[in-house]
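Me: I would like to learn how to read helices, salt bridges and strand pairing from a set of coordinates, taking one feature at a time. Could you walk me through an example?

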There are 2 protein chains.
Amino acid sequence: MRTFTFYDRISRSFHQHSSLSKLLVVLTVSGGGIAAYAEPKSPGVNLINTTEGDGDGKKKKVVVLGTGWAGISFLKNLKNPSYDVQVISPRNYFAFTPLLPSVTCGTVEPRSVVEPIRKIVKKKNLDVVFSEAECIGIDAQNKKVYCRSNLDSNLNGEEFAVDYDFLVIAVGARVNTFNTPGVVEHCHFLKEVEDAQRIRKTVIEKFEEASLPSLSDEERKTILHFVVVGGGPTGVEFAAELHDFVKEDLTKLYPKVKDIVKITLLEAADHILNMFDKRITAFAEEKFHRDGIDLKTGSMVVKVSDKEISTKERNGEISSMPYGMVVWSTGIGTRPLIMNFMKQIGQTNRRALATDEWLRVEGCDNIYAVGDCATINQRKVMEDIGAIFSKADKDKSGTLTVKEFKEVIDDICERYPQVELYLKSKDMGGIVDLLKESNGDVKKEAIELSIEEFKSALSQVDSQMKNLPATAQVAAQQGLYLAKCFNRMEECERDPEGPIRFRGEGRHRFRPFRYKHLGQFAPLGGEQTAAQLPGDWVSIGHSTQWLWYSVYASKQVSWRTRALVISDWMRRFIFGRDSSGI
Amino acid sequence: MRTFTFYDRISRSFHQHSSLSKLLVVLTVSGGGIAAYAEPKSPGVNLINTTEGDGDGKKKKVVVLGTGWAGISFLKNLKNPSYDVQVISPRNYFAFTPLLPSVTCGTVEPRSVVEPIRKIVKKKNLDVVFSEAECIGIDAQNKKVYCRSNLDSNLNGEEFAVDYDFLVIAVGARVNTFNTPGVVEHCHFLKEVEDAQRIRKTVIEKFEEASLPSLSDEERKTILHFVVVGGGPTGVEFAAELHDFVKEDLTKLYPKVKDIVKITLLEAADHILNMFDKRITAFAEEKFHRDGIDLKTGSMVVKVSDKEISTKERNGEISSMPYGMVVWSTGIGTRPLIMNFMKQIGQTNRRALATDEWLRVEGCDNIYAVGDCATINQRKVMEDIGAIFSKADKDKSGTLTVKEFKEVIDDICERYPQVELYLKSKDMGGIVDLLKESNGDVKKEAIELSIEEFKSALSQVDSQMKNLPATAQVAAQQGLYLAKCFNRMEECERDPEGPIRFRGEGRHRFRPFRYKHLGQFAPLGGEQTAAQLPGDWVSIGHSTQWLWYSVYASKQVSWRTRALVISDWMRRFIFGRDSSGI
């Protein structure tokens with residue numbers, strides 16, 4: 001065994017220093033770009049390991065449902081050993097979902113984008129137990145969750161209940177079919193690793209099928225008609241990947257059918273990538289046009305049969321076309337577990353669980369929700385305007401001086417982030433400008449506002465409230481934020497660090513969650529990517545593709561996946577994508 | 001696109017120089033071993049490209065059924081452009097099957113051991129059409145094969161017929177369950193890439209299942225009881241791989257269940273690896289004993305239910321044990337297609353299609369069979385003894401002189417390889433010694449044999465006839481041999497190079513197929529491998545493992561798979577095996 005000591009040692013050092021993965025990976029690019037990427041820091045929530053709570057021997061039980069971006073980010077950053085953590089998820093791995101479109105065509109292998117949960121949570125001081133099971137019910141009254149194992153077993157015991165002191169719901173969302181008939185039966189989705197694997201197998205099968213000797217030309221054309229529904233980032237990236245796969249790899253191996261392959265992208269709105277800057281949308285649409293991808297905007301799918309997909313066009317006409325394969329990628333819907341739980345706690349007519357700004361589920365104790373299954377119900381300034389006014393009016397004079405106001409400005413901005421957004425949108429330097437606006441042209445220092453004037457000054461700020469997008473970035477930041485809260489729970493209990501409670505006494509324990517947008521990519525194929533960076537910077541082209549490589553390599557969850565993803569990219573450059581039907 | 005020219009060029013050079021893959025890969029090992037491995041040369045069948053037959057514009061149609069070792073070896077080596085080749089196989093890829101046991105535990109990834117057929121056959125001068133379909137019937141009378149596509153399709157045309165001038169049957173074999181009840185329903189096999197993938201997923205699922213909170217200890221033990229049936233090279237290698245996977249990777253991640261994992265290897269005979277040298281068998285049995293693998297020899301499986309596996313021991317007793325997972329690996333059986341075809345051509349009560357020494361199916365015209373679906377029916381010397389005598393007795397004197405005999409010695413040895421084997425087994429220098437033995441102590445030159453004496457001299461040689469083992473090595477050598485015959489078909493028609501026809505006039509077109517055994521490996525886990533090399537050399541231990549790495553890397557079908565397999569091995573050393581349940 002002598003020869004392996006060296007390997008063992010390397011292996012061990014990689015296994016143990018998973019925290020090294022926070023290191024930046026910087027790729028120097030011939031195009032001249034250098035990309036660096038860092039974890040955002042939640043303001044003021046610094047990482048401190050507290051060991052209190054361990055003393056009395058009774059650890060609090062934290063149950064985490066789900067191991068997607070939010071769940072894993074929470075688990076990776078939870079360092080306080082005073083919790084007993086139980087993780088429940090139907091998958092025993094975390095998947096780096098932004099690379100799923102790459103997996104569909106073999107640019108990256110499925111196993112390169114997954115990492116076992118048990119490996120991620122294997123930390124020295126933390127007690128984490130993982131169970132591969134699906135949560136089927138939450139009992140907030142009795143602080144219990146009910147779970148069912150989805151493992152194929154001939155034994156009993158596949159259902160069990162777990163008690164919690166704190167529950168973190170991070171189960172994500174499911175595909176939204178908008179109840180379109182035939183979608184579940186006939187379409188591929190692109191949400192899980194298995195979906196991507198199935199798509200890859202099916203694409204190759206379609207090429208094999210079209211190469212069989214006994215078919216008519218019409219049949220071959222139908223078989224090789226690939227339809228992508230949904231012009232969001234995922235649908236667009238999949239269409240681009242598929243186009244590259246066909247053009248760079250498959251046409252060489254299936255020369256007889258190369259001219260009859262057709263890719264159609266259907267989008268119900270007027271443009272694809274409509275959450276991006278117009279320049280990106282225009283570039284993408286033009287590139288797809290050049291690539292021969294048939295882009296149909298304003299085209300809503302109304303039905304999918306086993307042979308045809310029917311759409312309703314802008315003019316109201318219904319038309320149908322035969323297809324070989326449909327990939328459905330139109331946004332997210334609510335999971336049944338969340339739907340039931342919302343009914344139970346009286347949150348109805350919502351797409352996701354409403355939480356407050358501290359990610360606590362509204363109407364529940366000790367239940368948190370993060371990621372795609374949750375949405376933050378930002379409190380309106382106007383709801384609290386009276387409380388804010390009386391809190392600020394320290395001398396109870398009935399009017400607010402600038403001095404009084406200045407003392408609570410920071411707390412207001414922290415508690416109601418829409419205020420800052422509003423000021424920014426109006427190009428105002430500070431909140432005093434806002435007051436000034438409603439107080440005429442008095443000198444700053446002389447401003448004194450009545451409650452009515454204060455109300456009218458702030459009357460528009462709530463218009464700036466926006467829901468956060470359902471992205472990996474939001475989920476990861478929420479998980480990180482929540483972990484940091486959990487790490488300092490007792491400390492902040494004693495010594496709260498949040499803003500003043502306007503409708504109560506004292507301060508909030510923690511600062512509320514604030515999302516920091518770090519930019520978003522839209523890979524468009526042919527080694528070109530568009531990126532919308534913070535501050536409305538737009539970057540398009542080959543160098544952005546290298547930025548994309550660099551960011552995605554650095555964001556990998558482990559050194560193993562990082563090494564594999566990079567070697568997959570290199571392998572693709574050298575050998576192309578594999579087209580074996582496995 | 002400037003930056004990719006370099007990659008494109010590398011890519012192209014790799015794609016085009018697939019013949020480079022014949023190069024030896026030599027790994028220098030710290031243990032001191034250096035391994036070199038070369039393709040065996042069929043004696044005298046040199047590779048010459050003939051272009052005749054292309055002139056009249058009517059190419060002969062060669063249909064190849066199957067793309068395993070034999071089929072691919074045939075296709076890779078067929079260089080004569082005067083054939084239209086059609087390949088029919090239910091899989092569009094070739095799988096490097098000796099690495100399947102490594103795939104079961106993630107030591108090597110499935111995609112690293114497969115290569116698309118279309119990539120392998122993409123040659124400049126050769127017209128090869130591939131169809132992903134299964135052959136369901138052979139009509140030797142009308143020179144047709146009937147095929148059915150197994151692709152999931154909603155179109156017609158999944159059945160079609162193909163005409164042939166020459167048919168090469170290389171469909172391999174299927175798993176042999178010996179009609180044991182419950183095997184098909186409850187056991188895993190290890191024959192295809194999909195089987196290996198399923199085993200990997202199931203092993204991890206069993207560990208997850210045993211980690212669920214609601215089970216009794218007894219249930220956990222049952223779930224983690226892995227049973228391997230069959231002590232041949234595949235079963236032994238799988239048991240060893242599984243043991244390594246559990247010991248090196250899984251016990252770290254599932255510490256609570258590590259002590260209850262049990263691996264049982266069942267073998268009906270008295271020893272495992274009984275086709276190997278006794279030293280190897282003893283070493284393997286001792287190693288398994290040390291590793292805690294429960295080895296039960298003389299134990300024949302008689303039934304598998306959903307919960308228990310029942311065996312009949314040497315003393316006739318039937319005993320049952322609960323299991324979590326069973327892998328069945330007991331040898332090969334006949335595919336239904338071959339069974340039906342044998343019935344049709346009157347070959348009954350056989351395990352495989354009988355061919356002559358030129359791999360032509362007996363009783364058929366222009367049909368060849370290679371690999372596991374075929375067996376060579378070596379002609380006995382005693383059947384032809386009269387013909388041999390009269391052909392050798394040139395002066396028709398009724399006796400055979402040494403001079404006369406020497407003139408046909410080479411032809412006899414070539415036509416009847418058992419003669420040489422017999423001489424070797426008796427430690428005789430040459431065939432004349434054999435004659436001398438039956439002629440007393442006369443001087444060599446004075447020997448004269450009557451037909452009766454000649455018969456008695458050769459009476460024992462046929463005892464040396466042996467069936468070839470059903471291995472990748474035999475299949476690959478047969479495919480190579482057949483391709484070389486096809487390459488020189490017309491040339492050898494004019495100018496035959498085979499031995500004299502003893503029962504006819506002239507010479508045979510080709511030399512008969514001769515198998516050259518290059519040795520066999522038995523990986524035993526823990527970086528130890530046993531190898532039985534030609535000349536009954538036995539090598540066991542770490543350095544043999546490096547020989548194994550070196551040989552298996554060099555034998556890969558493409559540079560892509562070679563690079564991937566080697567990088568998989570490195571990845572395993574550094575990061576361990578992945579245990580994500582995908």
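Reply: What follows goes from chain A as a whole to a helix, then to salt bridges and a strand pair. Please keep in mind throughout that this is a predicted model.

Me: How many helices and strands does chain A have, and what share of its residues count as buried?

Reply: Chain A has 19 helices and 26 strands, and of its 582 residues 55% count as buried. Another item to read at this level is sequence separation: among the contacts in chain A with a separation of 6 or more, 65% are accounted for by residues 24 or more positions apart.

Me: How does one check the length of a helix, and what span is expected for α6(A) at 1.5 Å a residue?

Reply: The general idea is to set the distance between the end C-alpha atoms beside the expected span. Helix α6 of chain A, residues 193-210, has 18 residues and should span 26 Å, which agrees with the 26 Å between its end C-alpha atoms. Helix α9 of chain A, residues 278-291, has 14 residues and reaches 20 Å from its first C-alpha to its last, close to the 20 Å expected.

Me: Which residues of α9(A) are buried, and which exposed residues does the face turned away from them carry?

Reply: Here one reads burial together with direction around the axis. The buried residues of α9(A) are A:Ile280, A:Thr281, A:Ala284, A:Glu285, A:Lys287 and A:Phe288. They lie on the same side of α9(A), because the arc that they cover around the axis is only 165°. The face turned away from this buried side carries the exposed residues A:Lys278, A:His289 and A:Arg290.

Me: What do the buried residues of α9(A) pack against, and what is found at the start of the helix and after it?

Reply: The buried residues pack against one helix segment, α8 (233-253), and against β12 (262-267), β13 (294-297), β24 (520-525), β25 (528-533) and β26 (537-541), each of chain A. At the start of α9(A), a side-chain oxygen of A:Asp277 comes to within 2.8 Å of the backbone nitrogen of A:Arg279. After the helix comes A:Gly292, whose phi is positive, near 80°.

Me: How should I read a salt bridge inside a helix, for example the one that A:Glu286 forms with A:Arg290?

Reply: One reads the N to O distance, then the spacing along the helix, then the exposure of the partners. The closest N and O atoms of A:Glu286 and A:Arg290 are 3.2 Å apart, and both residues lie in α9 of chain A, four residues apart, about one turn of the helix. A:Glu286 counts as partly exposed, at 47% relative accessibility, whereas A:Arg290 is exposed. In helix α12 of chain A, residues 402-415, A:Lys403 and A:Glu407 also lie four residues apart, about one turn of the helix, and their salt bridge has its closest N and O atoms 3.9 Å apart. A:Lys403 counts as exposed at 63% relative accessibility, while A:Glu407 counts as partly exposed at 43%.

Me: Where do the partners of the salt bridge between B:Asp578 and A:Arg111 lie, and are they buried or exposed?

Reply: For a pair of this kind, one places each partner in its chain before turning to burial. The salt bridge, at 2.9 Å from N to O, crosses between chains, from B:Asp578 in the segment after α19 (559-575) of chain B to A:Arg111 in the loop between α3 (100-103) and β4 (114-116) of chain A. B:Asp578 is buried, with a relative accessible area of 3%, and A:Arg111 is buried as well, at 9%. Over all chains, the structure holds 72 salt bridges.

Me: Finally, how do β24(A) and β25(A) pair, and over how many bridges?

Reply: One reads the sense of the pairing, then individual partners, then the turn. The two strands β24(A) and β25(A) pair in the antiparallel sense over five bridges, and A:Phe521 has A:Ala531 in β25(A) as its bridge partner. The hairpin of these strands has two residues between them, and A:Gly526 takes a positive phi near 60° there. β24(A) is mostly covered, with five of its six residues buried, and β24 of chain A is also among the elements against which the buried residues of α9(A) pack.

Terms used:
Residues numbered from 1 in each chain as written. Chains lettered and ligands numbered in written order. Predicted model: local features only at pLDDT ≥ 70, side-chain atom pairs only at ≥ 80, totals over all residues. Heavy atoms only, no water. Expected span 1.5 Å × (residues − 1). Buried < 20%, exposed > 50% of the residue type's maximum accessible area, 1.4 Å probe, protein only. Arc of directions from axis to C-beta. Contact = heavy atoms within 4.5 Å. Polar contact = N/O pair within 3.5 Å; in protein donor to acceptor, adjacent residues only side chain to side chain. Salt bridge = Lys/Arg side-chain N within 4 Å of Asp/Glu carboxyl O. Pairing = 2+ DSSP bridges.
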